[in-house]
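Biologist: I've got a fold in front of me and I'd like to talk it through. Could you take my questions one by one?

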Amino acid sequence: MFRFIHVADIHLDSPLRGLERYEGAPADEIRLGSRRALERLVEFALERRVDFVVIAGDVYDGTWPDHNTGLFFVKQMARLAEHSIPVIVISGNHDAESKMTKNLRLPENVQRLDHRRPETARFDRLSDLRVAVHGQSFAQPKVLDNLAADYPAAVPNYYNIGLLHTSLMGYEQHDPYAPCSLTDLQRLGYDYWALGHIHKREQLCIEPMICFSGNIQGRSIRETGAKGCQLVTVDESGQTTCEFVPLDVMRWEHCHVVISNPGDLDDWLQAFHDQVQILQKRHDGLPLALRVSFTGEGVANSHISGDWTHVANQVRAEGISATAGNCWIEKVVRQSRASSTIGAIENIDWQGGPWSEIVQVVNAGLDDPTIASSWIQSLADLRKKLPDELLRGDDGLPLDQPEWLRAIALELPAELARRLQSRGEL
């Protein structure tokens, strides 16, 4: 039996995006998030005594402004070297060979695979385990060729791992680098594919195991939820199991606050207070960066208006109070619907016809995360047709995020009722 860690998209010292600085925000956790996450990775590797680590691209966010970023990475790899833990790494689009104007000699336990052709890692420890790790670094930031097409065949009687930084096919919201299909990967006969570039954790196939580990620290509101690495265990029979290990030190999340009655600002703040405490408990007390959305009939009917900056700062203050300073408000938005929609909804027969089907689909998606994932696949054609400016950036439509889709689905019946009512059909 042996264990290894699959990690990708560290983006060391990458700035977190979309945040304003204000008094009381957890600035240190945010500024140093990627470093702390990497330290936690190393500590976990030592604690669990893993046999080796594979990094599927984008260790860095680009060339360094100075050597401190590289020195920090060398220091962490040296900690693994003290325990004879090999590290096999490839470069991705952000730290491609041509993009890095600075470099440092890495400890002997680290091998960066060649950018000119696929290469198989060379470590005695891997040979002892009868493991072969194959991969290729990016020579240029924009690699449009199918790199996997030239990867070597599986080594007989070895456990073969493919290391690849890729968009695959079907992730059009990401830059289409080193595109390939699942069939391209499966035909090589490898046992595990450690993929990078897509910042969302996902298991694409079981036999062979093909996984995106996601990034290790969320950097904007488009990267919500827990981030970390995959601990991969291979038993004596060659069976592979994966365990997600969170490494992030702060988390991005959407905070949806439903306001049923107009009330005043104190009522809104209390509702937000309750919701943010639920989120903090769900995320084990980690510092949170939140986009707060006030929705519902009460929002449409409320007299709260005018200086929205004042409202946003009141929400920020409440977030600090509710979490003992462990909350950073990225943005506060209103999403209202017509007040008469409530009456329209009450008059709908939800027991049959298309309304019943809508409610069933929505409820199923809210209860079962795998159904929300299927929604993402059904939106693939739509993503292809939308312009880049609608999909990318901090305010882009996150059509690839199940939590966002479930939040939209929750409002769907009322939104349909409102639209039908406006057309005189209810």
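**Talking through the model**

Modeller: Sure, and let's start with the shaky bit: this is a predicted model, and pLDDT stays under 50 over residues 338-346. For that stretch the model has 18 contacts beyond four places in sequence.

Biologist: What does the pLDDT of the protein chain average?

Modeller: pLDDT is the predictor's confidence in each residue, from 0 to 100. Here 77% of the residues score at least 70. The average for the protein chain is 85.

Biologist: On to helix H2, residues 33-48: how far apart are its end C-alpha atoms?

Modeller: We can work out what to expect, because the expected span is 1.5 Å times one less than the number of residues. H2 has 16 residues, so it should span 22 Å. The model agrees with that, as the end C-alpha atoms are 22 Å apart.

Biologist: And which residue just after H2 takes a positive phi?

Modeller: Within H2 itself, several residues are buried, including Leu38, Leu41 and Phe44. Just after the helix there's a positive phi of about 55°. The residue that takes it is arginine 49.

Biologist: Now the rings. Is the pair of phenylalanine 138 and tyrosine 177 stacked or edge-to-face?

Modeller: A search of the whole structure finds 12 aromatic pairs, and this is one of them. The centres are 6.5 Å apart, with 80° between the planes. Planes over 60 degrees apart count as edge-to-face, so this pair is edge-to-face.

Biologist: How many residues apart are phenylalanine 138 and tyrosine 177?

Modeller: Phenylalanine 138 is in the loop between strands E6 and E7, and it is buried at a relative accessible area of 1%. Tyrosine 177 is in the loop between E7 and helix H5, and it counts as buried at 8%. The pair links distant parts of the chain, 39 residues apart.

Biologist: What about tyrosine 190 and tryptophan 193: what kind of pair do they make?

Modeller: Both residues are buried. Their ring centres are 4.9 Å apart, and the planes are at 20°. Planes under 30 degrees apart count as stacked, so the pair is stacked.

Biologist: Which residue has its charged end over the ring of tryptophan 308?

Modeller: Arginines turn up over rings in two places here. Arginine 201 lies over the face of phenylalanine 244, at 3.6 Å from the ring centre. Over tryptophan 308, at 4.0 Å from the centre of the ring, sits the charged end of arginine 334.

Biologist: Which residue forms a salt bridge with arginine 125?

Modeller: The count comes to 11 salt bridges. Arginine 125 is in helix H4, and its partner is in the loop between H2 and strand E2, 74 residues apart. Arginine 125 counts as partly exposed at 34% relative accessibility, while the partner counts as buried at 11%. With the closest N and O atoms 2.3 Å apart, that partner is aspartate 51.

Biologist: In the salt bridge of glutamate 119 and arginine 122, which side counts as exposed?

Modeller: The two side chains meet at 2.5 Å, N to O. Glutamate 119 has 17% relative accessibility, so it counts as buried. At 57%, the exposed one is arginine 122.

Biologist: Last one: which residue is linked with Arg219 and Glu223 in a network of salt bridges?

Modeller: Glutamate 223 and arginine 219 form a salt bridge, with their closest N and O atoms 3.7 Å apart. Glutamate 223 counts as buried at 10% relative accessibility, and so does arginine 219 at 9%. The other residue linked in this network is Asp61.

Conventions
Residues are numbered from 1 along each chain as its sequence is written. Side-chain values use heavy atoms; hydrogens and water are left out. Rings of Phe, Tyr and Trp (its six-membered ring) pair if their centres lie within 6.5 Å; planes under 30 degrees apart count as stacked, over 60 as edge-to-face and the rest as tilted. Helices (H or I, at least four residues) and strands (E, at least two) are DSSP runs, numbered from the N terminus. Buried means under 20% relative accessible area, exposed over 50%, partly exposed in between (1.4 Å probe, protein chains only). A charge sits over a ring if NZ of Lys or CZ of Arg is within 6 Å of the ring centre and within 35 degrees of the ring normal. Contact means heavy atoms within 4.5 Å. A salt bridge is a side-chain nitrogen of Lys or Arg within 4 Å of a carboxyl oxygen of Asp or Glu.
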